[in-house]
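Visitor: I would like to learn how to read a ligand site and the cavities of a model. Where should we begin?

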Amino acid sequence: MTSLTIRRPDDWHLHLRDGAMLEGVIADTSRHFARAIIMPNLVPPVVTVADAEAYRERILAALPKGDRFQPLMTLYLTEHTDPDDVEKGKTSGLITAVKLYPAGATTNSHGGVRDLDKAMPVLERMAKIGLPLCVHGEVTTPEVDIFDREAIFIDTVLDPLRRRLPELKVTMEHVTTSDGIDYIRGAKSNLAGSITTHHLIINRNAILVGGIKPHYYCLPVAKRESHRLALRAAATSGDSRFFLGTDSAPHVDPLKECGCGCAGIYTSINTMSCLAHVFEEDGALDTLEAFASLNGPAWYGMAPNEDTITLVKRETPVAYPAKIETGAGPVTVFDPMFPLHWAVDNDGF
Ligand SMILES: NC(=O)N[C@@H](CC(=O)O)C(=O)O
Ligand SMILES: [Zn+2]
Ligand SMILES: [Zn+2]
């Protein structure tokens, strides 16, 4: 097959940042994607409906003229989040989900939740009004090995929470382990998972073999090969509980190439090319549309996009830039370490 037309995709987990970085990256998403769930881990974070409203306006103002991209806003859950404010955000249609960052788990999560009991009133309200909780599913206990943090989170935080509040809809974001995949597969209802582009392509060797490679470092950190294969099987299966959330997370190069580099991989620009490669390699191009364009909206209770994009397989590899230049500084683009022959038709690369 050398051409594939699918409904226009959406990105169910995206970091757009703010200011000059937002202006520098947004076109890479709005070129291909109709909608994206926008992560609230700004400094300071997006905690109230008023914050989300103002952030949404800044995103819309940064969009290239003519792009109809729709940002789907989230709130950053804290121990002081007001259930009435959250309900107001859901009722007005502004808020698509609330995001749980265990304190200290990832970039800009120091204001996240330490004691989930303190957030129960909000979570109970969300269960009642049908507003999904998106989770960064890792424990932060210092004794727990970083490669085990997702599995331990499922056992000690997520499963107890879901037993306590079975009506709460939970999205396990950026699933990185077979434990996560199995847990989602085993759930009867109200649980789904997003999978990133890069976790379908790299295992932890990419970060550590042949020298330390900061541009492959993200959180949750890539795991061993068996986990990558479990993610591939889930993504390409067509199972409606798995969908794309790129977790494209730009940091300027000086903040990644240093003694304490930030976590995050920038994939917005070449995600659709990478996915077409992965799905073709697994003989699953027929399920790419489900993963990138159908399963996500179904989970979030939205219609799929009406329009389509066409992916075309070229003879010569697509020439994506190694870095993009933003007003905040250069951002290295994810290198899948194989040539990309699939391109979104007419996207200029
Ligand atoms: N994925 C990452 O490695 N980083 C994200 C945060 C996150 O999604 O955990 C970021 O904001 O940079
Ligand atoms: Zn995260
Ligand atoms: Zn993220």
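**The ligand and its cavity**

Guide: Begin with contacts between polar atoms. This model is predicted, and in it a polar side-chain atom of Arg17 lies 2.8 Å from an oxygen atom of ligand 1. Thr107 also brings a polar side-chain atom to an oxygen atom of ligand 1, at 3.1 Å. With Leu219 the backbone takes part: one of its N or O atoms is 2.7 Å from an oxygen atom of ligand 1.

Visitor: How much of the accessible area of ligand 1 does the protein cover?

Guide: Coverage compares the ligand on its own with the ligand in place. On its own, ligand 1 has 310 Å² of accessible area, and the protein covers 100% of it.

Visitor: How many residues surround ligand 1, and which are the closest?

Guide: Here a residue counts if one of its heavy atoms lies within 4 Å of the ligand. By that rule 15 residues surround ligand 1, with Arg17, Asn41, Thr106, Leu219 and Asp247 the closest. Sorted by class, this shell holds nine polar, four nonpolar and two charged residues.

Visitor: Where does ligand 1 sit?

Guide: The next step is to look at the protein atoms alone and find the enclosed space. The structure has three cavities of 30 Å³ or more, and the largest has a volume of about 110 Å³. Its lining is made of 17 residues, and His15, Thr106, Thr107, Leu219 and Asp247 are the closest to its centre. Ligand 1 sits in this largest cavity. The lining divides into nine polar, five nonpolar and three charged residues.

Visitor: What is the volume of the second largest cavity, and which residues line it?

Guide: The second largest cavity has a volume of about 60 Å³. Among the residues that line it are His215, His251, Lys256, Tyr266 and Phe334. By class, this lining has seven nonpolar, four polar and one charged residues.

**Annotated positions**

Visitor: Which residues does UniProt place under the feature "binding site"?

Guide: A record gives positions, which can then be compared with the model. An unreviewed UniProt entry places "binding site" at His13, His15, Lys99 and Asp247. These residues are spread over 235 residues of sequence but cluster in space, with a largest C-alpha distance of 13.4 Å. His13, His15, Lys99 and Asp247 belong to the lining of the largest cavity.

The unreviewed entry in UniProt also has a "binding site" annotation that covers Lys99, His136 and His174. They span 76 residues in sequence, yet no two of their C-alpha atoms are more than 12.7 Å apart, so they gather at one spot.

Visitor: Which cavity lining takes in Lys99, His136 and His174?

Guide: That is the lining of the largest cavity, which takes in Lys99, His136 and His174. Ligand 1 sits in that cavity.

Conventions
Residues are numbered from 1 along each chain as its sequence is written. Chains are lettered from A and ligands numbered from 1 in the order in which they are written. This is a predicted model: local features need pLDDT of at least 70, side-chain atom pairs count only at pLDDT 80 or more; totals for chains, interfaces and linings use all residues. Side-chain values use heavy atoms; hydrogens and water are left out. A polar contact is a pair of N or O atoms within 3.5 Å; within protein, one must be able to donate a hydrogen and the other to accept it, and residues adjacent in sequence count only if both atoms are side-chain atoms. Accessible areas come from the Shrake-Rupley method with a 1.4 Å probe; for residues, only the protein chains shown count as cover. On a 1 Å grid over the protein atoms alone, a cavity is a set of points where a 1.4 Å probe fits but cannot get out, and a pocket is an open set with protein on both sides within 12 Å along at least five of seven lines; lining residues have an atom within 4 Å of a point. A molecule sits in a cavity or pocket if more than half of its atoms lie within 2 Å of its grid points. Ala, Val, Leu, Ile, Met, Phe, Trp, Tyr, Cys and Pro count as nonpolar, Asp, Glu, Lys and Arg as charged, and the others, Gly among them, as polar. Grid points are joined across faces, edges and corners, and a volume is the space filled by probe spheres set on the points. UniProt positions are given in the numbering used here, feature names are shortened, and annotations may be inferred rather than shown by experiment.
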